[in-house]
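Here are some exercises to work through with the model open beside you. Try each task on your own before reading its solution.

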Amino acid sequence: MDWIQKHARGGLLCLLIAVPSWLLGQRFPVIGGPVFGIVAGMAMTLFLKDKSGLQSGITLVSKKVLQYAVVLLGFGMDLNVVLETGRQSLPIIVSTITTSLVIAYVLHRVMRVPGNVAALVGVGSSICGGSAIAATAPVIDAEDDDVAQAISVIFFYNMLAALLFPALGGILGFSQTSGEAFGIFAGTAVNDTSSVTAAAATWDSLYGLGSATLDKAVTVKLTRTLAIIPITLVLALRRARTAEVRTGASFRLRQVFPMFILYFVAASVITTAALHMGMDAAVFTPFKVLSKFFIALAMSAVGLNTNIVHLIKTGGKPLAMGFACWVGITAVTLGMQHVLGIW
């Protein structure tokens, strides 16, 4: 009972922000519920002079609900389909992820972008936008300001990609009778599912391809999502090693292992096995929807914990980093497609 009293008010406030944000995200999917949630939370906190009675609930939502969202995301993963698609797209995916992470690391050192912000922008750009940020933030113990900064950067380039990439594909001469080339391009070069969907669906509409491009792009995007597993484990180990050097404390994997990633894998395995036995994929749809809502809910809490003035003042360098990652990923995926004969 004490636990409920401690967290209920802050949790309820997050929920009151998240529900309309989620609905707006359904109406404007290119923007998405998480972005509406974080903006609404930042606006709301300007009018809250005293959050002491709300803070414990807000913190719980911003930290734990993010992890629950990642676990539920696993119920959208059919590993058989992902592995089949991975045979073709894996070299491109590995190349783009490596490119983004290297660029983020170099610019972190050169431009002195805070380490956690650089890590979140790097993984958000290269893997799957908000979902990757949701998975990585608890592992590196990122502050809510860091998460808000990274989400803002990712959102900005999501919008540009969804608007510009179909036109770019036409200029570059992607096949207009097959959705394969543009689907792989959208699935590897755009960083968030909503924008991948928007760009691919636009290509389908422009050239009357039904859902061929969209199906390809979303499957490639799901393949990228699996990169959450090794990336989060490496970051957890790196953080533990750094702490060991600084404090002299002995390193124990159990202390840093992100258990929610293990549950994510378990959810993926359950989904794959169930689909293999003939279960209708629609059974898992509520889990996937709930995952997206939980991300919007957590981002509402992140917004409530974010100093918008500080965010604006420090936003230039992360934005430049995001641009460099975006351009690097786009160039590499185009180059790799050309080398592999896809385009």
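**Exercise 1. Classify Arg 224 as buried or exposed, and find what its side chain reaches.**

Solution. Remember as you start that this is a predicted model.

Step 1: The relative accessibility of Arg 224 is 0%, and buried means under 20%, so this arginine counts as buried.

Step 2: Place Arg 224 in the fold; it belongs to helix H10, which covers residues 212–225.

Step 3: Look for polar partners of the side chain. The backbone oxygen of Val 190 is reached at 2.4 Å. A polar atom of the Arg 224 side chain also lies 3.5 Å from the backbone oxygen of Ser 125.

Step 4: Widen the view to the contacts, leaving out neighbours within four places in sequence. Arg 224 is in contact with Ile 93, Ser 125, Ser 126, Ile 127 and Cys 128, and also with Gly 187, Thr 188, Ala 189, Val 190 and Asn 191.

Step 5: Check one of these pairs along the chain. Ser 126 and Arg 224 are 98 residues apart in sequence, yet their C-alpha atoms are separated by 8.2 Å.

**Exercise 2. Work out how much of helix H8 is covered, and name the buried residues.**

Solution. Step 1: Helix H8 spans residues 180–189, and nine of its 10 residues are buried, so by the cut-off of under 20% relative accessible area the helix is mostly covered.

Step 2: Name them: Ala 181, Phe 182, Gly 183, Ile 184, Phe 185, Ala 186, Gly 187, Thr 188 and Ala 189.

Step 3: Link this helix to Exercise 1. Gly 187, Thr 188 and Ala 189 are buried residues of H8, and they are also among the contacts of Arg 224.

**Exercise 3. Describe the surroundings of Thr 96 and of Phe 165.**

Solution. Step 1: Begin with Thr 96, found in helix H4 (residues 79–111). Its relative accessible area is 1%, which means that Thr 96 is buried.

Step 2: The Thr 96 side chain reaches the backbone oxygen of Ile 93 at 2.9 Å.

Step 3: Setting aside residues up to four places away in sequence, Thr 96 touches Ser 126, Thr 188, Ile 329, Val 332 and Thr 333. Ser 126 and Thr 188 also appear among the contacts of Arg 224.

Step 4: Turn to Phe 165 in helix H7. With a relative accessibility of 3%, Phe 165 counts as buried.

Step 5: Beyond four places in sequence, Phe 165 is in contact with Leu 160, Phe 182, Phe 185, Ala 189, Val 190, Trp 326 and Thr 330. Phe 182, Phe 185 and Ala 189 are among the buried residues of H8.

Step 6: For contrast, take a pair that lies apart: Phe 165 and Ala 281 are separated by 116 residues in sequence and by 30 Å between C-alpha atoms.

**Exercise 4. Compare Leu 16 with Ala 18: which is buried and which is exposed?**

Solution. Step 1: Leu 16 is found in helix H1 (residues 2–27), and Ala 18 lies in H1 too.

Step 2: Leu 16 has 56% relative accessibility, so it counts as exposed. Ala 18 has a relative accessible area of 0%, so it is buried.

Step 3: Follow the exposed residue. Leu 12, Leu 15, Leu 16, Val 19 and Leu 23 make a nonpolar surface patch of about 450 Å². As a reminder, an α-helix has 3.6 residues a turn, so residues three or four places apart point the same way.

Step 4: Follow the buried residue. Not counting residues up to four places away in sequence, Ala 18 touches Phe 293, Ala 296, Leu 297 and Ser 300. The C-alpha atoms of Ala 18 and Ala 40 are 8.6 Å apart, with their positions 22 residues apart along the chain.

**Exercise 5. Find where confidence is lowest and where it is highest.**

Solution. Step 1: Start with the whole protein, which averages a pLDDT of 86, with 95% of the residues scoring at least 70.

Step 2: Confidence is lowest in helix H12 (residues 253–256), at a mean of 58, and highest in helix H16 (residues 316–339), at 93.

Step 3: Apply this when reading the model: where pLDDT is low, the predicted coordinates should not be read in detail.

How values were computed
Residues numbered from 1 in each chain as written. Predicted model: local features only at pLDDT ≥ 70, side-chain atom pairs only at ≥ 80, totals over all residues. Heavy atoms only, no water. pLDDT = per-residue confidence, 0-100. Helix = DSSP H or I, 4+ residues; strand = E, 2+ residues; numbered from the N terminus. Patch = residues over 30% accessible without salt bridge, like charges linked within 9 Å, V, L, I, M, F, W, Y side chains within 5 Å. Areas by Shrake-Rupley, 256 points an atom, 1.4 Å probe, with all protein chains shown as cover. Salt bridge = Lys/Arg side-chain N within 4 Å of Asp/Glu carboxyl O. Buried < 20%, exposed > 50% of the residue type's maximum accessible area, 1.4 Å probe, protein only. Polar contact = N/O pair within 3.5 Å; in protein donor to acceptor, adjacent residues only side chain to side chain. Contact = heavy atoms within 4.5 Å.
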